[in-house]
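Work through the exercises below with the structure in view. Try each task before reading its solution.

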Amino acid sequence: SDIGSQKDRVVTEEAWLQKWETGNIGFHKEQGHPLFQKYLDVLLNGRSGLRLFFPLCGKAVEMKWLADMGHSVVGVEVSEQALKEFFAEHNLPYCEEPVPEISGAKKLQSASGNISLYCCSIYDLSSSIVGKFDGVWDRGALVAVNPCDRQRYVSLMITLMEKNSSYLLVTVSYDPNKHKGPPFYVPESEIKSLFG
Ligand code: SAH
């Protein structure tokens with residue numbers, strides 16, 4: 001479980017913005033992630049009308065699917081381009097408003113009101129701003145966070161969870177000395193110690 005040279009790697013917000021600008025977004029899945037379909041029932045557990053959170057959301061199509069099922073979706077993403085592409089690609093009208101608690105942040109909300117996407121860093125959020133969630137879809141999020149920020153990220157995520165919430169986490173397993181990431185390799189033992 002040695003994460004080798006990855007533990008000191010840092011990808012800046014500017015570098016993420018640049019990936020979006022140059023279309024270097026190989027992580028985006030136009031057809032959604034296969035594990036989403038496979039484990040959707042675990043996430044929902046028979047419940048309806050849930051509040052679901054997408055950390056580091058990009059333009060994940062699963063947000064649209066869950067909203068269409070009657071749930072309400074909140075995402076956070078540093079790239080405004082990603083969020084605008086999301087609404088455009090699904091032909092969803094939306095409105096923009098500032099977020100009074102976070103300087104420079106914007107909230108883009110679908111006209112129907114059931115998809116709210118915050119354009120800011122996830123580290124700017126708190127439960128007093130976004131509330132708590134019944135479920136989390138974490139794909140390309142924990143594994144995209146800089147290794148030095150993992151504990152901070154997970155501690156924040158825990159504060160955003162309702163008592164009976166479910167958390168679907170997708171990770172990737174590979175030799176971290178052969179690729180620099182992201183996605184970073186997060187050993188199972190570390191996941192256990194991070195989430196407790
Ligand atoms: N979860 C999405 C995107 C994964 S890529 C999917 O499954 O397709 C990771 C995304 O996190 C990128 O879009 C990047 O712009 C965004 N990001 C990186 N650091 C962030 C931060 N601190 N706060 C919010 N978004 C961030």
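Helix axes are lines fitted to C-alpha atoms over the stretch in contact, and angles run from 0 to 180 degrees between N-to-C directions. Helices (H or I, at least four residues) and strands (E, at least two) are DSSP runs, numbered from the N terminus. The model is predicted: local features need pLDDT of at least 70, side-chain atom pairs count only at pLDDT 80 or more, and totals for chains, interfaces and linings use all residues. Residues are numbered from 1 along each chain as its sequence is written, and side-chain values use heavy atoms, with hydrogens and water left out.

**Exercise 1. Describe how helix α6 and helix α7 cross.**

Step 1. Find the helices: α6 covers residues 150-159 and α7 covers residues 188-195.

Step 2. Take the two descriptors. Packed helices are described by the angle between their axes and the distance between the axes.

Step 3. Apply them. The axes of α6 and α7 come within 9 Å and cross at roughly 50 degrees. That makes α6 oblique to α7. (Under 35 degrees is roughly parallel, over 145 roughly antiparallel, 65 to 115 roughly perpendicular, and the rest oblique.)

Step 4. Give the hand. The crossing of α6 and α7 is right-handed; that is, the near helix is turned clockwise from the far one by less than a right angle.

Step 5. List the contact (heavy atoms within 4.5 Å). From α6 come R150, Q151, V154 and I158; from α7 come E190, L194 and F195. These residues of the α6 and α7 contact divide into 4 nonpolar, 1 polar and 2 charged. (Ala, Val, Leu, Ile, Met, Phe, Trp, Tyr, Cys and Pro count as nonpolar, Asp, Glu, Lys and Arg as charged, and the others, Gly among them, as polar.)

**Exercise 2. Explain why C57 makes no bond to the closest cysteine sulfur.**

Step 1. Set the test: a disulfide is a pair of cysteine sulfur atoms within 2.5 Å.

Step 2. Check C57. Its closest cysteine sulfur is in C119, 9.1 Å away, so the gap is too far for a bond.

Step 3. Check C119. The nearest cysteine sulfur to C119 is that of C120, 7.1 Å away, and C119 is in no disulfide.

Step 4. Count for the structure: 0 disulfides.

Step 5. Add the surroundings. C57 counts as buried because its relative accessibility is 6%. C119 is buried as well, at 11%. (Buried means under 20% relative accessible area, exposed over 50%, partly exposed in between, with a 1.4 Å probe and protein chains only.)

**Exercise 3. Place N114 and find what it touches.**

Step 1. N114 sits in the loop between β4 (106-110) and β5 (115-119).

Step 2. N114 is partly exposed, with 22% relative accessibility.

Step 3. Leave out residues up to four places away in sequence. N114 then touches A67, H71, S72 and V73.

Step 4. Compare chain and space. N114 and V74 are 40 residues apart along the chain, yet their C-alpha atoms are separated by 8.2 Å.

**Exercise 4. Which backbone angles stand out at L56, N91, P182 and P183?**

Step 1. Recall the background. Most residues other than glycine have a negative phi, and most peptide bonds are trans.

Step 2. Read phi. L56 has a positive phi of about 45 degrees, and N91 has a positive phi of about 55 degrees. Neither L56 nor N91 is a glycine.

Step 3. Locate both. L56 lies in the loop between β1 (51-54) and α3 (62-68) and is partly exposed at 25%. N91 lies in the loop between α4 (80-89) and β3 (94-98) and is exposed at 69%.

Step 4. Read omega. The peptide bond from G181 to P182 is cis, with omega near 0 degrees. A cis bond also joins P182 and P183, with omega about 0 degrees.

Step 5. Locate the prolines. P182 is in the loop between β7 (161-170) and α7, and P183 is in the loop between β7 and α7.
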